[in-house]
Amino acid sequence: MTSWIHSTETVNNVTEFIFWGLSQNAKIEEACFVVFSFFYMVIILGNLLIMFTVCLSNLFKSPMYFFLNFLSFVDICYSSVTAPKMIVDLLAKKKTISYVGCMLQLFVVHFFGCTEIFILTVMAYDRYVAICKPLHYMTIMDRERCNKMLLGTWVGGFLHSIIQVALVVQLPFCGPNEIDHYFCDVHPVLKLACTDTYVVGVIVTANSGTIALGSFVILLISYTVILVSLRKQSAEGRRKALSTCGSHIAVVIIFFGPCTFMYMRPDTTFSEDKMVAVFYTIITPMLNPLIYTLRNAEVKNAMKKLWSRKIFSEDNGK
C-alpha cells in the first residue's frame with residue numbers, strides 16, 4: 001500500500017500537510033494537553049484492565065466477553081492512531097504530517113473505526129440470542145461461529161478503509177496544504193484536492209454513511225426487540241438483562257451519534273467537526289471500560305477475584 005501511495009505522490013506538489021489542531025490559543029492548548037494526556041492514560045489503562053480481567057478469568061469462554069475483549073483492543077488501537085500525535089501537537093508550534101503519513105492515518109482510523117462499528121453490531125446480535133433464544137445460545141454462539149464473526153468484522157473494516165484511501169490517493173494535491181482538523185479524515189482532506197471531488201465525495205458519504213447509519217438502525221432494532229422480549233422474563237432476569245443491555249445501548253449512542261453526524265452528510269465540513277470527532281476517537285474509547293465495568297456485576301466480581309487472588313498469593317509468598 002505504501003508503494004501505491006508513493007506512486008501517486010509524484011503528481012502532487014504537496015509532500016506534507018499542516019494541522020490547525022483543536023485551537024490556535026496557546027493557553028487553551030496547554031490545558032487540552034493536560035486533559036487529553038489524562039484521557040489517553042485512562043483509555044490505555046482502562047481497556048488493558050478489561051482485557052486482562054477477561055483473559056485471566058473464565059469470562060473469556062463467554063461469547064459476550066470474548067467480543068468485549070476485542071472491543072477493548074480495538075479501542076486502544078483506534079485512539080492510539082490519533083491521540084498521541086494530537087497530544088504532542090498541542091505543544092508544537094508547527095503541526096505537520098507527511099503525505100504518506102496522512103494517507104496511512106486515514107486508512108488506520110477508518111479501519112479500526114469501522115471494525116468497532118461491526119463489533120458493536122455483533123455484540124448486539126449476541127445479546128439478542130442470549131435473551132430471546134437462551135436455550136440455543138451456546139449452540140448458536142459457539143466458539144467457531146464467534147471466530148468467524150470476529151474475522152468478518154476485521155475484513156469489513158479493511159474493505160471499508162481501503163475503498164476510502166483508494167478514492168483519496170488518486171486525487172492531485174497542489175496546495176494549500178492546511179487541514180482544519182487534528183488528524184487526517186476524508187472530508188477535510190478532500191477539501192484540499194485541486195480537482196472536482198463531487199463524485200468522490202458522494203461515494204465516500206455512501207460508503208461511510210451506509211455503514212454508520214445501517215449499523216445504527218440494526219442496533220436500534222435489535223435492542224428494541226430485546227427490550228420488548230424482556231416482558232416475558234422474570235424480575236431477576238429483567239434486571240440482569242437491562243443492566244447488560246443498558247451499558248451496550250449507552251456505548252452505541254455515544255459512538256454512533258457523532259459518527260452519523262460526521263459521515264451521513266454530503267462532502268462538507270463544519271468548524272464543530274473537530275469537537276465532534278473527539279467524542280468517537282477519544283471520549284468513547286475512554287468511557288467504554290467505565291461503562292462496561294461499573295454497570296456489569298460479572299466483570300466487577302471477576303476483577304475482585306483476580307485482585308484477591310493476587311493479594312493472597314503475595315501474602316503466601318511472604
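Cys-194 comes out as partly exposed in this predicted model, with a relative accessibility of 34%. Its partner is Cys-174, and the two sulfurs of this disulfide sit 2.1 Å apart. Cys-174 belongs to the loop between α6 (143-169) and β3, while Cys-194 belongs to the loop between α7 and α8 (198-229), so the bond ties together parts that are 20 residues apart in sequence. Cys-174 is partly exposed too, at 41% relative accessibility. As for handedness, the S-S torsion of Cys-174 and Cys-194 is about 50°, which makes this a right-handed disulfide.

That bond has company: searching the whole structure turns up two disulfides. The other one pairs Cys-102 with Cys-184, with 2.0 Å between the sulfur atoms. Here distant parts of the chain are linked, since Cys-102 lies in helix α4 (residues 99-132) and Cys-184 in the loop between β3 (178-179) and α7 (186-190), 82 residues apart. The torsion about the S-S bond of Cys-102 and Cys-184 is about -120°, so this disulfide is left-handed. Burial is plain at both ends: Cys-102 has a relative accessible area of 0%, and Cys-184 likewise has 0%. With the bonded cysteines counted along the chain, the disulfides follow the pattern 1-3, 2-4.

What about other cysteines? Cys-259 is buried, at a relative accessible area of 5%. The cysteine sulfur closest to that of Cys-259 belongs to Cys-114, but at 9.8 Å the gap is too far for a bond; a disulfide needs sulfurs within 2.5 Å. Cys-146 is also on the buried side, its relative accessibility being 0%.

Cys-114 turns up again in the cavity analysis. Over the whole structure, the search gives one cavity of 30 Å³ or more. The space inside the largest cavity amounts to about 140 Å³. Its lining is made of 14 residues, and those nearest the centre are His-110, Cys-114, Ile-117, His-160 and Tyr-263. Helices α4, α8 and α9 (235-263) are the elements that give two or more residues each to this lining. The biggest share comes from α4, which supplies five residues. Helix α4 therefore figures in both parts of the picture, as the home of Cys-102 and as the element giving the most to the lining of the largest cavity. In chemical terms, the lining of the largest cavity has 10 nonpolar residues and four polar ones, with no charged residues at all.

Zooming out to the overall fold, the chain carries 11 helices and three strands. Along the sequence these run in the order α-β-α-α-β-α-α-α-β-α-α-α-α-α. The chain has 318 residues, and 51% of them are buried. Looking at contacts between residues at least 6 apart in sequence, 81% join residues at least 24 apart. On the outside, the accessible surface of the chain is about 15200 Å², and carbon and sulfur atoms account for 68% of that area.

Note on methods
Residues are numbered from 1 along each chain as its sequence is written. This is a predicted model: local features need pLDDT of at least 70, side-chain atom pairs count only at pLDDT 80 or more; totals for chains, interfaces and linings use all residues. Side-chain values use heavy atoms; hydrogens and water are left out. Helices (H or I, at least four residues) and strands (E, at least two) are DSSP runs, numbered from the N terminus. Buried means under 20% relative accessible area, exposed over 50%, partly exposed in between (1.4 Å probe, protein chains only). On a 1 Å grid over the protein atoms alone, a cavity is a set of points where a 1.4 Å probe fits but cannot get out, and a pocket is an open set with protein on both sides within 12 Å along at least five of seven lines; lining residues have an atom within 4 Å of a point. Grid points are joined across faces, edges and corners, and a volume is the space filled by probe spheres set on the points. Ala, Val, Leu, Ile, Met, Phe, Trp, Tyr, Cys and Pro count as nonpolar, Asp, Glu, Lys and Arg as charged, and the others, Gly among them, as polar. Contact means heavy atoms within 4.5 Å. Accessible areas come from the Shrake-Rupley method with a 1.4 Å probe; for residues, only the protein chains shown count as cover.
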